[in-house]
Amino acid sequence: MPQSFYDELKEDKNYKSRLDSFSNDKIANFDFLNKNLKFGLREYQDKALFVLQYFMALQQDDYFKQKITEKLDEHEIPFYSFEMATGAGKTLLMGANLLYLFKKGYKDFLIITPNTTIYEKTIRNFTVDDKRSVFNIDTPLKFNLITGDSYKDKTCAYDENADISIFVFNIQKFFERSSGKQDKSKGIAYTHRPLEESYWKDEQNNTIPFIEFLRKRELVIITDEAHHYQ
């Protein structure tokens, strides 16, 4: 029986050596993460973050890096995943990963949730002044939080100069359509329509569909309960 990716990885000498010598001081920007998170990470969350950093640092021709990378046209897209039990703090780890990637130069994050309940919970988790937020209320970072409800107009208060933009959607919001009889574009999802009341513009300041705006960003896509999207 052929070995799985995880079986092979656990036997890799370089990976085992790095993991065996793991300590918090080897996590890049660890103090920055702790300063901006509301709660400290537990040991297994620290280790998960360290593994992400390990994989991101691998050369593109590394055997394991190739295993998690797919090619789409001229793009090589890596897929990283964390398998953690319910209640283990996945959302806090998500926030830590987001902050780490921000320090790597990324500022646009699309979080996709599988249902309405998790969608609403995730919005609260990434709203800085919400008591359930994963971020420290005293963080100096400026966040945009755009949701599958607020992106259609100015209620999302999008600021191009914010440090980080977080877009929270569930799958249904991507395909939501008008049911109004007078709407000539009712067969087209709102995300694929130029909405005059929205912020989404091209270089010539023409209104463009939200989905086209996202395509122009260097976007990090995060899926909660990723097995739903396989």
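How many residues of the lining of the second largest pocket are nonpolar, polar and charged? In this predicted model, the lining divides into eight nonpolar residues, no polar ones and one charged residue. The nonpolar members include Leu110, Ile112, Ile171 and Phe174. Ile211, Leu214, Leu219 and Ile221 also line the pocket. Arg215 belongs to the lining as well. The space in this second largest pocket is about 190 Å³.

Four elements give two or more residues each to this lining. They are β3 (108-113), α8 (171-174), α9 (210-215) and β6 (219-223). Helix α9 supplies the largest share, three residues.

Two of these elements, β3 and β6, are also strands of an open sheet. The sheet has four strands in the order β4-β5-β3-β6. Their pairing is parallel. Strands β4 (143-147) and β6 stand at the edges. Each has a single partner strand, so one side of each is left without a neighbour in the sheet. From one strand to the next, the twist averages 20 degrees.

Within the sheet, β3 and β5 (residues 164-170) run parallel and are joined by six bridges. Thr113 stands opposite Asn170 in β5. Helix α7 (residues 116-125) lies across three of the strands, β3, β4 and β5. The helix runs at about 160 degrees to β5.

How values were computed: Residues are numbered from 1 along each chain as its sequence is written. This is a predicted model: local features need pLDDT of at least 70, side-chain atom pairs count only at pLDDT 80 or more; totals for chains, interfaces and linings use all residues. Side-chain values use heavy atoms; hydrogens and water are left out. On a 1 Å grid over the protein atoms alone, a cavity is a set of points where a 1.4 Å probe fits but cannot get out, and a pocket is an open set with protein on both sides within 12 Å along at least five of seven lines; lining residues have an atom within 4 Å of a point. Grid points are joined across faces, edges and corners, and a volume is the space filled by probe spheres set on the points. Ala, Val, Leu, Ile, Met, Phe, Trp, Tyr, Cys and Pro count as nonpolar, Asp, Glu, Lys and Arg as charged, and the others, Gly among them, as polar. Two strands pair if DSSP finds at least two bridges between them. Axes are lines fitted to C-alpha atoms, for helices over the stretch in contact, and angles run from 0 to 180 degrees between N-to-C directions. Contact means heavy atoms within 4.5 Å.
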